Amino acid sequence: MLIIAAPAAAQQSAPDATPQTAAPPAYAAPVDDAASAANTVMLFGQDESRMTVPVSIAGTSPQKFVVDTGAQRTVISRELAAVLRLAPGRIVRVTGMTGSDSVATVIIPALRVGTIDSPAIEAPAIAAQNLGALGLLGIDTLQGRAVGIDFDTRTMTVTPARRRNRRERTERGEIVVRARSLFGQLVVTDAYCNGVRIRVIIDTGSSVSMGNAALRRKLLRKPVRSQSIALTGVTGQTVMADYSTIDRVMIGSLTITSLPIALTAVDAPPFRQFGLAERPAILLGMDALTLFRRVDIDFANREVRLALPRNVTQR
């Protein structure tokens, strides 16, 4: 799910609805050069059709966090933050798919995913029922690394950044799609939906692929069969969407047929934030990504590699 967090215009004290005991001052965890140079391979589980990996906070027992390439910031549930007695941070403005709200943050002093250590993070704290998990692992933790998701072996690999040679050969059945970076997010621009040029954001935190209002206006000019569904975002707000099927989505040299998608009637805040309110755009969620055998998201080289499944064709 797309999450954008920025400091609120006016700082406030943290709400006292969830009592917290001050933790030791935040610190930057030492980086193990040997560990950071090696690949980190983790088995992942599934939580409501989303990937989860074990995340350890300040040396505590690992907790299941959803890997969310659509979230700019790592997020923790208020309940887990209270149990760990994390120190309060600033108030930030969090923008999700269904709206924006002011949210208190907490200081995560150190975070470990596999063998990768992250320094102190100021993480928005949101109710677990709205997150659908104990936390979300955002691109602030994954930035500068390559994330490989293998659906056959149910493993995720995190590797350090390395500059790729553009002439580097791809594996058999693998397609490379170039992207551009927008506020740290990878946006694929070589994409079309039923002949309409679109922008695509890979969002592993969403179980459903979503199209913005501009795409809805383009696609629903002709009557299509759809059903109305309610979507609830991280801020707890709800929007209605038309759940339908797109005949054909082309990403680079790939063609995906019969893609289920939720089309919103109003401009979702993150699309406006990215300047995509007037441009047809899609958040490609897990319902589409699991069609592939493997998905590699390389933030450093701004590219996405897709291993072809049997029901996806290459033009």
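In which strand does Asp242 lie? Select Asp242 to begin: this residue belongs to strand β21, which covers residues 238-251. The model on display is predicted, and every stop below should be read with that in mind.

**Stop 1: Asp242 and its partner**

Keep Asp242 selected and display its side chain. Asp242 counts as buried because its relative accessibility is 17%, and the cut-off for a buried residue is under 20%. Now add Arg216 to the selection. The side chains of Asp242 and Arg216 make a polar contact at 2.5 Å.

**Stop 2: the whole chain**

Zoom out and colour by secondary structure. The chain contains 26 strands and 7 helices. It has 315 residues, of which 52% count as buried. The chain exposes about 14300 Å², and 49% of that area is supplied by carbon and sulfur atoms. Consider next the contacts between residues at least 6 apart in sequence: 70% of them join residues at least 24 apart.

**Stop 3: a network of charged side chains**

Side chains of opposite charge can pair when their charged atoms come close. In this model the count comes to 9 salt bridges. Select Arg178 and Glu303, which form one of them, with their closest N and O atoms 2.3 Å apart. This pair links distant parts of the chain, since Arg178 is in strand β15 (residues 174-178), Glu303 is in strand β25 (residues 303-307), and 125 residues separate them. The two partners may be compared by their exposure. Arg178 counts as partly exposed because its relative accessibility is 39%, whereas Glu303, at 2%, is buried.

Leave Glu303 displayed and add Arg305. These two residues also form a salt bridge, in which the closest N and O atoms are 2.9 Å apart. Is Arg305 buried or exposed? Arg305 is buried, its relative accessible area being 7%.

Next, select Arg294 and Asp296. Their salt bridge has its closest N and O atoms 3.0 Å apart, and both residues are buried. To view the full arrangement, select Glu174, Arg178, Arg294, Asp296, Glu303 and Arg305 together: salt bridges that share partners join these residues into one network.

**Stop 4: the nonpolar cores**

In soluble globular proteins, nonpolar side chains tend to be buried together. The largest nonpolar core of this model has 58 residues, and the residues with the most contacts inside it are Ile76, Ile251 and Leu284. Strand β22 provides the largest share of this core, 5 residues.

Centre the view on Leu284. Which residues does Leu284 touch, apart from those up to four places away in sequence? They are Val200, Ile201, Ile202, Asp203, Ser209, Ile251, Leu259 and Leu289. A second, separate core has 16 residues, among them Ile201, Leu231, Ala262 and Phe271.

**Stop 5: two residues with positive phi**

Most residues other than glycine have a negative phi. Select Ser258 in strand β22, which spans residues 254-264. Ser258 is not a glycine, yet it has a positive phi of about 55°.

Move next to Ala58, in the loop between β4 (50-57) and β5 (63-67). Ala58 likewise is not a glycine and has a positive phi, of about 50°. The relative accessible area of Ala58 is 39%, so this residue is partly exposed.

**Stop 6: a hairpin**

Select residues 88-96 and residues 99-108, which form strands β7 and β8. The two strands run antiparallel and are joined by 7 bridges. How many residues does the hairpin use to join β7 to β8? The connection runs through 2 residues. Label Gly96 as well: it stands opposite Gly99 in β8.

**Stop 7: Gln143**

Finish at Gln143, located in the loop between α4 (139-142) and β13 (145-150). Because its relative accessible area is 36%, Gln143 is partly exposed. Show Gly184 and Phe299 alongside Gln143: leaving aside neighbours within four places in sequence, these are the residues with which Gln143 is in contact. For a final distance, pick the C-alpha atoms of Gln143 and Pro160. They are separated by 9.7 Å, and the two residues are 17 apart along the chain.

Technical notes
Residues are numbered from 1 along each chain as its sequence is written. This is a predicted model: local features need pLDDT of at least 70, side-chain atom pairs count only at pLDDT 80 or more; totals for chains, interfaces and linings use all residues. Side-chain values use heavy atoms; hydrogens and water are left out. Helices (H or I, at least four residues) and strands (E, at least two) are DSSP runs, numbered from the N terminus. Buried means under 20% relative accessible area, exposed over 50%, partly exposed in between (1.4 Å probe, protein chains only). A polar contact is a pair of N or O atoms within 3.5 Å; within protein, one must be able to donate a hydrogen and the other to accept it, and residues adjacent in sequence count only if both atoms are side-chain atoms. A salt bridge is a side-chain nitrogen of Lys or Arg within 4 Å of a carboxyl oxygen of Asp or Glu. Contact means heavy atoms within 4.5 Å. Accessible areas come from the Shrake-Rupley method with a 1.4 Å probe; for residues, only the protein chains shown count as cover. A nonpolar core is a set of buried Ala, Val, Leu, Ile, Met, Phe, Trp, Tyr and Cys residues joined through side-chain atoms within 4.5 Å. Two strands pair if DSSP finds at least two bridges between them.
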